[in-house]
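Biologist: I would like a close look at a single part of this protein, with each term explained as it comes up.

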Amino acid sequence: MRDLPAPQAFGAEAPERAVKGIRPELFAVAGFVALAACTPESSKEIPIASLSALDLAQGERLQVAASTTIVAEVLAHVGAEDIVLTTTFPPGADPHEFEPTPREIERLSQTDALFVSGLGYETVLQRTLVEAGLAPRTLALSEGLAPEVDPAADPHVWLDPRNVMIWVDNAAMALSALDPDHADDYARRALAYRGQLQELDGRLEELAAQLPSEDRKIVADHEALGHLAARYDFEIVGSLIPGPSSAAEPSARDLAELQSTMQADGIRVVFITSLGNRSLAERMAGDSGARLVQLYVESLSEPGGPADSYLKLMEYNLAAIVEALSLP
Ligand SMILES: [Zn+2]
């Protein structure tokens, strides 16, 4: 039986432990980035380069929690049978707003690491854990990402597969640091999954290229499709909820403005990216005659559904967008 991981200190004290086996220049860079990005949100995430090996008993596996089903899938590919993985957000929960119950907080506090996407996406979860004084070692798969679209305006970075390739690298680096005995396995699986993501990205690029440039205008329920649009060359014309979280409320004036923009641009589709916004979108569709098209953005579908893996989710979304925008 090994000791449970000590609760991590957050903020300025966090990455000060001596680190073995990490090149000093890497550590210096990670420390600098952590300081530079020291907002209340990011300060509870630990730089991956600051991790050191856990004292795992023979045959004992890492206990890993993931925030979303998509974060979990990346960890499942890289960690496979070498980790014990749990997913925190149930399918259909709104990750922007998800607040864990006391029991979930307790369970999360006992894991070796909690992986989040980061960049402010799981703010409510992370804040709740810190406030309870029970935050586990928290690692952001998006660490080091420098996306084209500002993640403060749109944190849904996984809709660009190139960002998920960086997630895969970060997952392998973090799991290897915590559990160096399986480092080769983590690296081998990361490479294989990265190859699948590369092929996916090529397929999606071809699919998106079928659409004429004048049809590439997107309106969504909230600011969720920015990274997809930047990667596959779509233009975001507006959102029903003008913000990075699906939980905000638009004003009547915002909606009226968006409707007139849509009319002027001949846009007759609104993409639904979050389960919470359906009624607002239906009201708007009723007024403007726009069609609603459901995408999978915050979560995979239930097993057996049309988007029960990340690869299927991306293919489903791109196909749905191209089809919807192709219709007259
Ligand atoms: Zn969202």
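Biologist: Which residue of β4 is the bridge partner of F115? Please start there and work outwards.

Modeller: The bridge partner of F115 in β4 is L139. Before going further, note that this is a predicted model, in which local features need pLDDT of at least 70 and side-chain atom pairs count only at pLDDT 80 or more, while totals for chains, interfaces and linings use all residues. Residues are numbered from 1 along each chain as its sequence is written. Helices (H or I, at least four residues) and strands (E, at least two) are DSSP runs, numbered from the N terminus.

The strand to look at is β3, residues 113-116. Its pairing with β4 is parallel and runs over three bridges. Two strands are said to pair if DSSP finds at least two bridges between them. Besides the bridge of F115 to L139, V116 is bridged to A140 in β4. Strand β1 (residues 62-66) also runs parallel to β3 and is joined to it by three bridges. One residue of β1, A65, has L114 of β3 as its bridge partner. In general, strands of a sheet pair through backbone hydrogen bonds, either parallel or antiparallel.

These strands belong to an open sheet of four with parallel pairing, in the order β2-β1-β3-β4. At the edges are β2 (83-87) and β4 (138-140), each of which pairs on one side only. On average, neighbouring strands of the sheet are turned by 25° against each other, direction ignored. For such angles, axes are lines fitted to C-alpha atoms (for helices, over the stretch in contact), and angles run from 0 to 180 degrees between N-to-C directions.

Next, the two faces of β3. In a regular strand the side chains alternate between the two faces of the sheet. A113 and F115 lie on one side of β3, L114 and V116 on the other, and all four are buried, so both faces are covered. A residue is buried if 20 or more other C-beta atoms lie within 10 Å of its own, exposed if 12 or fewer, and partly exposed in between, with C-beta atoms placed from the backbone.

F115 also has a place in the largest nonpolar core, which has 78 residues. Such a core is a set of buried Ala, Val, Leu, Ile, Met, Phe, Trp, Tyr and Cys residues joined through C-beta atoms within 7 Å. The residues with the most contacts inside this core include F115, L75, V78 and A171. Helix α5 (residues 161-178) gives the most to the core, with ten residues. At least three residues come from each of domain 1 (11-202) and domain 2 (210-326); these bounds come from an automatic or database domain assignment. In soluble globular proteins, nonpolar side chains tend to be buried together.

A171 shows what the contacts in this core can look like. Leaving aside neighbours within four places in sequence, A171 is in contact with V74, L75, V78, L141 and A190. Two residues count as being in contact if their C-beta atoms, placed from the backbone, lie within 7 Å.

Helix α4 (residues 123-131) also meets the strand in question. Its residues T123, L125, Q126, T128 and L129 are buried. The buried residues of α4 pack against β3, β4 and helix α3 (102-109). An α-helix has 3.6 residues a turn, so residues three or four places apart point the same way. Just after α4 comes G133, with a positive phi of about 70°.

A loop residue touches α4 as well. F98 is placed in the loop between β2 and α3. With neighbours within four places in sequence left aside, the contacts of F98 are F89, A93, V124 and L125. F98 and V124 are 26 residues apart in sequence, with their C-alpha atoms 6.3 Å apart in space. F98 is partly exposed, because 19 other C-beta atoms lie within 10 Å.

Another loop, between α2 (69-79) and β2, holds A80. The phi of A80 is near 40°, a positive value in a residue other than glycine. A80 is partly exposed too, with 14 other C-beta atoms within 10 Å.

Last, the setting. The protein has ten helices and eight strands. Of its 328 residues, 42% count as buried.
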